[in-house]
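I opened a fresh notebook page for this protein. My plan was to look things up one at a time and jot down what turned up.

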Amino acid sequence: MVVNVSQKYKAEIVDAIKQKGIIYFHYPLEEEVVDIGWENVQKAVKTLMLYNSIDKQILVHCDGGNHRSRLVVEAFYFAKFGTHLIDEYKGYENHLIYDCSAGYLPPLNVVEDVLKQLVNS
């Protein structure tokens, strides 16, 4: 399964992926701007929760590979385990905490509450 969180979407690549029988999702996120796409972060995490529970191999990717995909993985980690994945990022424990502190996502307590609820939905 592929979860694309970059802005880019190329139909010919998606078609080739799907022809191989690979499930494909596109939840575009912005890079470090006000509202990077909180709704799409939630959709991606919900998808990861669903497919992780049925033992699928999952590739989460973005264009640069150093922020948006990691943010989604760290949000998924928190939703699944209830704790933050430690990954030093710009002086913060991880991308999720950084994005909340920088105002790109809602406040951390709101984000944590929503992610905890995704486990049971």
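Below are my entries, starting with the whole chain and ending with single residues.

**Entry 1: the whole thing**

First note to self: this is a predicted model. I looked up the secondary structure and got five helices and three strands. Walking along the sequence, I wrote the pattern down as β-α-β-α-β-α-α-α. Then I checked the radius of gyration, and it came out at 14 Å. The globule rule also gives 14 Å for 121 residues, so the protein is as compact as a globular protein of that length.

I also wanted the outer dimensions. Along the principal axes, the C-alpha atoms fill a box of roughly 40 × 30 × 20 Å.

**Entry 2: inside and outside**

How much of the protein is buried? I found that buried residues make up 42% of the 121 residues. For the surface, I noted an accessible area of about 6,800 Å², with 50% of it belonging to carbon and sulfur atoms.

Next I looked at who touches whom. Taking contacts with a separation of 6 or more, I saw that 52% are between residues 24 or more positions apart.

**Entry 3: two helices crossing**

A reminder I copied in: two packed helices are described by the angle between their axes and the distance between the axes. My pair was α3, residues 68–81, and α5, residues 108–119. Their axes come within 8 Å and cross at roughly 65 degrees. I put the crossing down as right-handed.

Which residues meet there? On the α3 side I listed Ala75, Phe78, Ala79 and Lys80, and on the α5 side Glu112, Leu115, Lys116 and Val119. Sorted by class, the contact has five nonpolar residues, three charged ones and no polar ones.

**Entry 4: tyrosine 77**

I stayed in helix α3 for this one, since tyrosine 77 sits there. Its relative accessible area is 26%, so I filed tyrosine 77 under partly exposed. Leaving out neighbours within four places in sequence, tyrosine 77 is in contact with Gly82, Thr83, His84 and Leu85. I also took a distance to glutamate 88, which is 11 residues away along the chain: the C-alpha atoms are separated by 15 Å.

**Entry 5: three stops in helix α2**

Asparagine 40 came up first on my list, and it lies in helix α2. Buried or exposed? With 16% relative accessibility, asparagine 40 counts as buried, because the cut-off is under 20%. Beyond residues up to four places away in sequence, asparagine 40 touches Tyr27, Pro28 and Leu29.

Glutamine 42 is in helix α2 too. Outside its own stretch of four places either way, glutamine 42 touches Val114 and Leu118. I compared its position with glutamine 117: they are 75 residues apart in sequence, but 10 Å apart in space, C-alpha to C-alpha.

My last stop in helix α2 was threonine 47. At 8% relative accessible area, threonine 47 is buried. What does threonine 47 touch, not counting residues up to four places away in sequence? I wrote down Met1, Val3, Phe25 and Tyr27.

**Entry 6: out in the loops**

Aspartate 35 is in the loop between β2 (24–26) and α2 (38–52). I looked up its backbone and found a positive phi of about 55 degrees, although aspartate 35 is not a glycine. With 49% relative accessibility, aspartate 35 counts as partly exposed.

Glutamate 93 is in the loop between α3 and α4 (95–101). I got 41% relative accessibility, so glutamate 93 is partly exposed. Setting aside residues up to four places away in sequence, glutamate 93 touches His84, Leu85, Ile86, Asp87 and Glu88. I took its C-alpha distance to aspartate 15, which is 78 residues away along the chain, and got 37 Å.

Alanine 102 was the last one, in the loop between α4 and α5. I noted it as partly exposed, at 36% relative accessibility. How many residues separate alanine 102 and valine 33 in sequence? They are 69 residues apart in sequence, and in space they are 9.1 Å apart, C-alpha to C-alpha.

Technical notes:
Residues numbered from 1 in each chain as written. Predicted model: local features only at pLDDT ≥ 70, side-chain atom pairs only at ≥ 80, totals over all residues. Heavy atoms only, no water. Axes fitted to C-alpha atoms, helices over the stretch in contact; angles between N-to-C directions. Helix = DSSP H or I, 4+ residues; strand = E, 2+ residues; numbered from the N terminus. Left-handed = near helix turned anticlockwise from the far one by under 90°. Contact = heavy atoms within 4.5 Å. Nonpolar A, V, L, I, M, F, W, Y, C, P; charged D, E, K, R; others polar. Rg over C-alpha atoms; globule rule 2.2 N^0.38 Å. Buried < 20%, exposed > 50% of the residue type's maximum accessible area, 1.4 Å probe, protein only. Areas by Shrake-Rupley, 256 points an atom, 1.4 Å probe, with all protein chains shown as cover.
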